[in-house]
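Trainee: I would like to learn how to read a binding site and a helix. Could you walk me through an example?

Mentor: Gladly! Let us look at one together.

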Amino acid sequence: MENERVAFSHGEGRLVARICGEVDHHTARLLRERIDREAFLVRPRVLVIDLSAVGFMDSSGIALIIGRVEVAAEFGGVVQITGATQPVKKLIRLSGIERIQGLTVSP
Amino acid sequence: MKRIINEMKLRLPSRSENEGVARSAVSAFVAELNPTVEELGDLRLAVSEAVTNCVVHAYRDREEGAPAFIYISARIYDNKEVSVEISDNGCGIENVELARSPRYTTGEYGERCGMGFLIMENLCDLVTVKSRVGRGTTVLLRKYLSHGRCDE
Ligand SMILES: Nc1ncnc2c1ncn2[C@@H]1O[C@H](COP(=O)(O)OP(=O)(O)OP(=O)(O)O)[C@@H](O)[C@H]1O
Ligand SMILES: [Mg+2]
């Protein structure tokens, strides 16, 4: 759906991508494209993915996060996940991605 | 003996738009059992994984325009049990045990991570997978809700 959004703000080497809505297979492609376009423009040291406005996420979101860690590594950056709500935190814990190099998940 | 309280059958075209539709339908259906917020989230996620697998994998070799459907059959029982069966008539899975192992994926690199079955298993009390190559796949999800919350 077109109402799945991502808003950007940046400064001091950080690019914040704030995702709003649900992250599933249907919405992930557009999110991926938008985040990558912005990330390659800004080339931040830290790519922050703010999930505070994400009410639902599935494994498509996990693949999205892993993929952005690889993208950020291309210009020497890292990814930080912030604002994950309870169900999203549970998914992140289950998937074990917290152990990936170049990724931190804020409590 | 457990008794069926309610049943629901859905047939949806295998399209990504219907992933959200399936989640919403199942969560509306189980509302009668008063699930906790966490239980409802677990069910939505498990159903989303199974339905997404139909959309992404089951019909991957089907020609454009050929019919492709996802069949969902849900039941709730008086012992607070929920069962949701998600079926397709797609390509089937050759080795189910391998497919269920974490990180295994035939999906596109960067799009899939091979965690769907792992997630379903962690969020449900029972996950069974029946599949026949060339015929299709049926995933059964079963979850027992807590008795902690009731509306009396
Ligand atoms: N309904 C299905 N029809 C055909 N193959 C399937 C089906 N469901 C799963 N599979 C196979 O099992 C594999 C593992 O599924 P699983 O959901 O665990 O991971 P994934 O879908 O590849 O990635 P993710 O779910 O993390 O996005 C798939 O890659 C696919 O090969
Ligand atoms: Mg999957």
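Mentor: Please keep in mind that this is a predicted model. Let us start with a polar contact, which is a pair of N or O atoms within 3.5 Å. Here, a polar side-chain atom of A:Ser59 is 3.1 Å from an oxygen atom of ligand 1.

Trainee: Which polar backbone atoms lie 3.3 Å or 3.2 Å from an oxygen atom of ligand 1?

Mentor: One belongs to B:Cys113, at 3.3 Å from a ligand oxygen. Another belongs to B:Gly116, at 3.2 Å from an oxygen atom of ligand 1. As for cover, ligand 1 exposes 590 Å² when taken alone, and the protein buries 97% of that.

Trainee: Why is the site of ligand 1 described as shared between chains?

Mentor: To read this, look at which chains the surrounding residues come from. The site is shared because residues from chains A and B surround ligand 1. There are 21 residues around the ligand, and those that come nearest are B:His57, B:Thr105, B:Thr106, B:Arg112 and B:Met115. The space that ligand 1 takes is also the largest pocket.

Trainee: How do the residues of the shell around ligand 1 divide into nonpolar, polar and charged?

Mentor: Each residue is sorted by its type. In this shell, eight are nonpolar, nine are polar and four are charged.

Trainee: And which helix gives the most to the shell around ligand 1?

Mentor: That is H2(B), with four residues. In chain B, helix H2 (37-58) and helix H4 (116-123) each supply at least two residues of the shell.

Trainee: Now for a single residue: is A:Thr27 buried or exposed?

Mentor: Buried means under 20% relative accessible area. A:Thr27 has a value of 5%, so this residue is buried. You will find A:Thr27 in helix H1 (residues 25-42) of chain A. A polar atom of its side chain lies 2.8 Å from the backbone oxygen of A:Glu22. The backbone nitrogen of A:Asp24 is 3.0 Å from a polar side-chain atom of A:Thr27.

Trainee: How far is A:Thr27 from A:Gly61?

Mentor: That depends on how you look. Along the chain they are 34 residues apart, while their C-alpha atoms are separated by 9.3 Å.

Trainee: Can we read a whole helix this way? How many residues of helix H1 of chain B are buried?

Mentor: Yes, by counting. In helix H1 (residues 17-30) of chain B, ten of the 14 residues are buried, so the helix is largely enclosed by the rest of the structure. Among them are B:Asn18, B:Ala22, B:Val26 and B:Phe29.

Notes
Residues numbered from 1 in each chain as written. Chains lettered and ligands numbered in written order. Predicted model: local features only at pLDDT ≥ 70, side-chain atom pairs only at ≥ 80, totals over all residues. Heavy atoms only, no water. Near = heavy atom within 4 Å. Polar contact = N/O pair within 3.5 Å; in protein donor to acceptor, adjacent residues only side chain to side chain. Areas by Shrake-Rupley, 256 points an atom, 1.4 Å probe, with all protein chains shown as cover. 1 Å grid on protein atoms, 1.4 Å probe; cavity = no way out; pocket = protein on both sides within 12 Å on 5 of 7 lines; lining within 4 Å. Sits in = over half its atoms within 2 Å of the grid points. Nonpolar A, V, L, I, M, F, W, Y, C, P; charged D, E, K, R; others polar. Buried < 20%, exposed > 50% of the residue type's maximum accessible area, 1.4 Å probe, protein only.
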